[in-house]
Amino acid sequence: MVRPIARLPEIPGEELNDLLNRVEKQDQTAFEQVYRAYFGRVANFLRTRLHGQDDVIQGIANEVLFEIWRKPKAFNGSSRFSTFLLGIAKNKLLQHWSGQG
């Protein structure tokens with residue numbers, strides 16, 4: 001069983017915007033920074049809903065963060081970035097439960 005992952009603090013707004021701009025230019029280092037900062041938060045959210053399904057949790061969490069690699073500008077700043085990511089996670093979870101994920 002995978003233990004809960006420590007949540008790192010949110011990346012401050014300007015730094016996050018800079019990282020997302022770099023991700024848009026396919027900067028893997030910037031993506032890794034975003035991934036490391038938010039993977040734990042997303043995985044913990046999923047863990048509370050998918051008890052003991054560690055492979056599924058890891059898979060969905062990876063899909064959520066990969067959305068940022070594909071579409072970094074989808075985040076418009078109207079909420080916290082973690083809220084944005086958890087919305088994606090919720091949608092991916094619903095797809096999983098409905099058999100589409």
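**Helix packing around a nonpolar core**

With a relative accessibility of 47%, Q26 counts as partly exposed, because this value falls between the cut-offs of 20% for buried and 50% for exposed. The structure described here is a predicted model. Q26 sits in the loop that links α1 and α2, and its backbone has a feature worth pausing over. Most residues other than glycine have a negative phi. Q26, however, is not a glycine and has a positive phi of about 65°.

Beyond this loop, attention turns to the interior. In soluble globular proteins, nonpolar side chains tend to be buried together. In this model, the largest nonpolar core contains 29 residues, and those with the most contacts inside it are Y38, V42, L46, V64, F81 and L85. Two or more residues of this core come from each of α1 (13-24), α2 (28-47), α3 (54-70) and α4 (81-97). The greatest share is that of α2, which supplies ten residues. F81 offers a helpful view of the packing: apart from neighbours within four places in sequence, F81 is in contact with E10, L16, L20, V34, Y38, I68 and F75.

How do α2 and α3 meet? Their axes come within 9 Å and cross at roughly 140°. The two helices are therefore oblique to each other, since an angle has to be over 145 degrees to count as roughly antiparallel. The crossing of α2 and α3 is right-handed. On the α2 side, the contact is made by Q28, F31, V34, Y35, Y38, F39, V42, A43, L46 and R47, while α3 contributes D54, I57, Q58, I60, A61, N62, V64, L65, F66, I68 and W69. By type, the residues of this contact comprise 16 nonpolar, three polar and two charged.

The pairing of α2 with α4 can be followed in the same manner. Here the axes come within 10 Å and cross at roughly 50°. This pair is therefore oblique as well, because 50° lies between the limit of 35 degrees for roughly parallel and the range of 65 to 115 for roughly perpendicular. The crossing of α2 and α4 is right-handed. From α2, the residues V34, Y38, R41, V42, F45 and L46 meet F81, S82, L85, L86, A89, K90 and L93 of α4. Ten residues of this contact are nonpolar, one is polar and two are charged.

Key:
Residues are numbered from 1 along each chain as its sequence is written. This is a predicted model: local features need pLDDT of at least 70, side-chain atom pairs count only at pLDDT 80 or more; totals for chains, interfaces and linings use all residues. Side-chain values use heavy atoms; hydrogens and water are left out. A nonpolar core is a set of buried Ala, Val, Leu, Ile, Met, Phe, Trp, Tyr and Cys residues joined through side-chain atoms within 4.5 Å. Buried means under 20% relative accessible area, exposed over 50%, partly exposed in between (1.4 Å probe, protein chains only). Helices (H or I, at least four residues) and strands (E, at least two) are DSSP runs, numbered from the N terminus. Contact means heavy atoms within 4.5 Å. Axes are lines fitted to C-alpha atoms, for helices over the stretch in contact, and angles run from 0 to 180 degrees between N-to-C directions. A crossing is left-handed if the near helix is turned anticlockwise from the far one by less than a right angle, and right-handed if clockwise. Ala, Val, Leu, Ile, Met, Phe, Trp, Tyr, Cys and Pro count as nonpolar, Asp, Glu, Lys and Arg as charged, and the others, Gly among them, as polar.
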